[in-house]
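Me: I would like a close look at a single part of this protein, namely its disulfides. Please take me through them one by one, and set them in the context of the whole chain.

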Amino acid sequence: MKLFAVFVLVILFLQALAVVEASTMINNASNNLANRDGASDVLDIHKKHHPQKINCSQACNRRCKESSRKNMCHRACRTCCKRCHCVPPGTYGNKQACPCYASLRTHGNRPKCP
């Protein structure tokens, strides 16, 4: 019986050492990842999959303020903004600032976003 108890204690001790070693390795790996030059790659991936929220209504008001068809411009702009999470600066053009916004097309293959 004593031999069995010693055996169980040794197994538990080895398991505790393995857990501590694994957590140390994970901490070291995360520190190395944050300190290396490619850390910006991780941030870029995070931004790509979790885009920053913008106020689409305000951005589209700015974009469509000189439009002759304001309601249609606002409707299209808000749709594009919700999909792309960006609106190009200014009231016309500058679509290179937001490639997603520039690439959206209507069923007739015309640019969707104003």
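**The disulfides in context**

Reply: Cys60 is buried, and Cys77 is buried as well. These two cysteines form a disulfide in this predicted model, with their sulfur atoms 2.2 Å apart. The torsion about their S-S bond is about -85°, so the disulfide of Cys60 and Cys77 is left-handed. Because Cys60 lies in helix H3 (residues 56-64) and Cys77 in helix H4 (residues 70-84), the pair ties together parts that are 17 residues apart in sequence.

A further disulfide joins Cys64 to Cys73, with an S to S distance of 2.0 Å, and with -80° about the S-S bond this link is left-handed. As for burial, the cut-off is a relative accessible area under 20%: Cys64 counts as buried at 1% relative accessibility, and Cys73, with a relative accessible area of 8%, is buried too.

The link between Cys84 and Cys100 has its sulfur atoms 2.1 Å apart, and the value about its S-S bond is -70°, which is again left-handed. Cys84 lies in helix H4 and Cys100 in helix H5 (residues 99-103), so this pair ties together parts that are 16 residues apart in sequence. Its two ends are covered to differing degrees, since Cys84 is buried with a relative accessible area of 11%, whereas Cys100 is partly exposed with a relative accessible area of 32%.

These three links are among the 6 disulfides counted in the protein. When the bonded cysteines are counted along the chain, the disulfides follow the pattern 1-7, 2-5, 3-4, 6-12, 8-11, 9-10.

As for the setting, the protein has 5 helices and 0 strands, so that the elements run α-α-α-α-α from the N terminus on. Of its 114 residues, 18% are buried, and the cysteines Cys60, Cys77, Cys64, Cys73 and Cys84 belong to the buried class. Among contacts between residues at least 6 apart in sequence, 48% join residues at least 24 apart. The accessible surface comes to about 9,200 Å², and 59% of that surface belongs to carbon and sulfur atoms.

Away from the cysteines described above, a nonpolar surface patch of about 600 Å² is made by Phe4, Phe7, Val8, Leu9, Ile11 and Leu12. One of these residues, Leu12, lies in helix H1 (residues 2-35), and Leu12 is partly exposed, with a relative accessible area of 47%.

How values were computed: Residues are numbered from 1 along each chain as its sequence is written. This is a predicted model: local features need pLDDT of at least 70, side-chain atom pairs count only at pLDDT 80 or more; totals for chains, interfaces and linings use all residues. Side-chain values use heavy atoms; hydrogens and water are left out. Helices (H or I, at least four residues) and strands (E, at least two) are DSSP runs, numbered from the N terminus. Buried means under 20% relative accessible area, exposed over 50%, partly exposed in between (1.4 Å probe, protein chains only). Contact means heavy atoms within 4.5 Å. Accessible areas come from the Shrake-Rupley method with a 1.4 Å probe; for residues, only the protein chains shown count as cover. Patches are made of residues with over 30% relative accessible area and no salt bridge: like charges are joined within 9 Å, nonpolar side chains (Val, Leu, Ile, Met, Phe, Trp, Tyr) within 5 Å. A salt bridge is a side-chain nitrogen of Lys or Arg within 4 Å of a carboxyl oxygen of Asp or Glu. A disulfide is a pair of cysteine sulfur atoms within 2.5 Å.
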